[in-house]
Amino acid sequence: MSQIDRMRVFLRVAELASFTAAAQSLGMPRASVSTAIQHLEAELGARLLHRTTRRVSLTQDGQVFRERAQDLLGDLDELTGLFQREGASLRGRLRVDMPLGAARDHVIPALPDFCAAHPELELELSSTDRLVDVVREGFDCVLRVGPRGDSSLIARTLGHYRVLTCASRGYVERHGAPRSPAELAGHRLVRYATSFGGPADDTLEYVDPGDGEARLVALAGSITVNNSDAYRSACLAGLGIIQVPAVGVREHLASGALVELLPEHRPPPMPVTLLYANRRHLPRRVRVFMEWLAEVLRPQMIEGGE
């Protein structure tokens with residue numbers, strides 16, 4: 001392992017404050033990570049990390065070295081790609097995360113051409129509805145639908161998804177279709193929670209066409225789910241009302257399995273955002289992938305968030 005590679009290992013350990021987590025992130029044995037750090041410290045003649053049975057932290061020398069190493073490796077990545085043509089094949093590992101629906105319906109079907117154009121790129125695609133920790137989990141970029149979350153990250157808004165209020169045909173036949181938010185009383189919703197034991201969303205949101213203000217209506221719910229597929233499936237089964245990006249239910253609306261409710265009182269559009277860590281130099285493979293992803297998702301966006 002070269003000194004540059006050992007520096008990259010050190011930065012991952014410093015980011016995650018864990019030899020084990022760094023090893024998993026890098027796809028290396030933990031012993032190899034530990035050995036790399038030992039060799040780097042021996043080369044430098046300085047102790048970079050405090051090690052205890054519970055945690056790993058930077059020494060004062062480690063903090064200084066981390067800052068200089070980040071700049072050095074950023075400059076090296078930039079220099080490596082300086083003379084590459086913009087259309088040249090990408091190399092290295094790229095770890096990204098996005099919602100399950102976006103990955104399944106739009107990104108993965110379009111990936112064969114992208115991967116064929118960049119056969120030396122190692123793509124790790126996480127598709128989950130939980131909010132991953134971009135830095136601690138080693139993601140190069142993540143796609144978020146809805147609130148962006150961590151404000152320390154750089155955000156690039158790609159557009160907005162139109163959001164609809166929906167129920168199944170069977171639910172409407174049994175309970176009727178509310179014609180205004182005031183008629184939602186007595187209706188039930190499918191509740192969504194990012195994790196059980198925490199708060200679940202028990203409200204429907206709508207925009208009042210009179211003043212353009214967003215308002216909330218609290219409703220009872222008979223079931224709580226924690227992923228988007230279950231959320232949609234529970235609605236299709238007639239268990240309650242949901243609010244969901246239109247892009248995820250188009251086929252069900254076209255077939256009549258789902259019915260849009262309150263079309264004059266739609267919820268505010270959801271922003272679709274790319275997030276990535278604040279780096280002096282963003283690797284070319286990340287920049288190219290984000291541009292490609294923006295083009296793949298562009299047809300699903302609505303103009304100006306309207």
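The lining of the second largest cavity splits by class into 4 nonpolar, 2 polar and 1 charged residues. That cavity sits in a predicted model, and a search of the whole structure turns up 2 cavities of 30 Å³ or more. Here's a quick tour of the empty space, the sheets, an aromatic pair and the confidence values.

**The second largest cavity**
- The space in the second largest cavity comes to about 30 Å³.
- Its lining is made up of T165, L184, L204, E205, Y206, Q243 and L262.
- β9 gives the most to this lining, with 3 residues.

**The second largest pocket**
- The second largest pocket has a volume of about 1,300 Å³.
- 48 residues line this pocket, and V145, Y192, Q243, P245 and M270 are the ones nearest its centre.
- Q243 turns up twice, then: it lines the second largest cavity and is also among the residues nearest the centre of the second largest pocket.
- By class, the pocket lining has 29 nonpolar, 9 polar and 10 charged residues.
- Plenty of elements chip in: β3 (92–98), α5 (100–117), β5 (141–145), β8 (188–192), β9 (203–207), α7 (228–236), β12 (242–245) and β14 (270–276) each supply at least two lining residues.
- The most comes from α5, with 6 residues.

**The sheet of 5 strands**
- This one is an open sheet with mixed pairing, in the order β4-β3-β5-β14-β6.
- At the edges stand β4 (121–127) and β6 (154–161); each has a single partner strand, so one side of each is left without a neighbour in the sheet.
- From one strand to the next, the twist averages 15 degrees.
- β6 and β14 run antiparallel and are joined by 7 bridges.
- For a spot to click on, take I154, whose bridge partner in β14 is Y276.

**The sheet of 3 strands**
- β12-β7-β13 is the order of an open sheet of 3 strands, and the pairing here is antiparallel.
- β12 and β13 are at the edges with a single partner strand each, so one side of each is left without a neighbour in the sheet.
- The twist averages 50 degrees from one strand to the next.
- β7 (residues 163–168) pairs with β12 over 4 bridges in the antiparallel sense.
- L164 has V244 as its bridge partner in β12.

**The β9–β10 hairpin**
- β9 pairs with strand β10 (residues 214–218) in the antiparallel sense, over 5 bridges.
- The bridge partner of V207 in β10 is A214.
- There are 6 residues between the strands of this hairpin, and G212 takes a positive phi near 75 degrees.

**Aromatic pairs**
- The count of aromatic pairs comes to 5.
- In one of them, the ring centres of F114 and F289 are 5.6 Å apart with planes at 75 degrees, so the pair is edge-to-face.
- That pair links distant parts of the chain, with F114 in helix α5 and F289 in helix α9 (residues 284–297), 175 residues apart.

**How far to trust it**
- The protein chain has a mean pLDDT of 88, with 92% of its residues at 70 or more.
- Confidence is highest in strand β13 (residues 258–261), at 97, and lowest in helix α4 (residues 60–81), at a mean of 78.
- Where pLDDT is low, the predicted coordinates shouldn't be read in detail.

Technical notes. Residues are numbered from 1 along each chain as its sequence is written. This is a predicted model: local features need pLDDT of at least 70, side-chain atom pairs count only at pLDDT 80 or more; totals for chains, interfaces and linings use all residues. Side-chain values use heavy atoms; hydrogens and water are left out. On a 1 Å grid over the protein atoms alone, a cavity is a set of points where a 1.4 Å probe fits but cannot get out, and a pocket is an open set with protein on both sides within 12 Å along at least five of seven lines; lining residues have an atom within 4 Å of a point. Grid points are joined across faces, edges and corners, and a volume is the space filled by probe spheres set on the points. Ala, Val, Leu, Ile, Met, Phe, Trp, Tyr, Cys and Pro count as nonpolar, Asp, Glu, Lys and Arg as charged, and the others, Gly among them, as polar. pLDDT is the predictor's confidence in each residue, from 0 to 100. Two strands pair if DSSP finds at least two bridges between them. Axes are lines fitted to C-alpha atoms, for helices over the stretch in contact, and angles run from 0 to 180 degrees between N-to-C directions. Rings of Phe, Tyr and Trp (its six-membered ring) pair if their centres lie within 6.5 Å; planes under 30 degrees apart count as stacked, over 60 as edge-to-face and the rest as tilted.
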